[in-house]
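Colleague: Can you walk me through this one? I'd like to go over the metal site and then the pocket.

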Amino acid sequence: MHTAAPAKAASQPLSEGTVRRLDRAAGSVTITHGPIENLGMGAMTMTFSFKKGVVPASVKEGDKVRFRAEEKGGQYSVVRIEAVK
Ligand SMILES: [Cu+2]
């Protein structure tokens, strides 16, 4: 039985937030977010970059979301995001 995928997902908890601004062309999203444990970050509003294809078409400004953010070289990016229904 292959259990690698679920184990990996469990080690990448998602953070919660609300999308304030979404610019798909620029690849930037501003999120008011709660604590982001993997980044040691408290609640705030900030802008993340994202790569093409990361933000599903179903995610719109004003949506509550769950997302995974990562830091690399001082740049913060969203690598996964989904709307909370
Ligand atoms: Cu932040």
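Modeller: Here is a short tour of the copper site and the largest pocket. This is a predicted model, where local features need pLDDT of at least 70, side-chain atom pairs count only at pLDDT 80 or more, and totals for chains, interfaces and linings use all residues. Residues are numbered from 1 along each chain as its sequence is written, and side-chain values use heavy atoms, with hydrogens and water left out.

Colleague: Which residues are the protein donors of the copper ion?

Modeller: H33 (NE2), M41 (SD), M44 (SD) and M46 (SD), lying 2.0 to 2.6 Å from the ion. Donors are N, O and S atoms within 2.8 Å of the metal (3.2 Å for Na, K and Ca).

Colleague: What is the arrangement of the four donor atoms?

Modeller: Tetrahedral, because the angles are 102 to 118°. The rule for four donors is that all angles lie between 85 and 135 degrees.

Colleague: And where do H33 and M44 lie?

Modeller: H33 is in strand 2 (residues 28–33) and M44 in strand 3 (residues 44–49), so the pair ties together parts 11 residues apart in sequence. Strands are DSSP runs of E, at least two residues, numbered from the N terminus.

Colleague: Is H33 buried or exposed?

Modeller: H33 is buried, at 3% relative accessible area. M44 is partly exposed, at 34%. Buried means under 20%, exposed over 50%, partly exposed in between (1.4 Å probe, protein chains only).

Colleague: New topic. Which strand gives the most to the lining of the largest pocket?

Modeller: Strand 5, with four residues.

How values were computed: Tetrahedral: all angles 85-135°; square planar, octahedral: opposite > 155°, others 65-115°.
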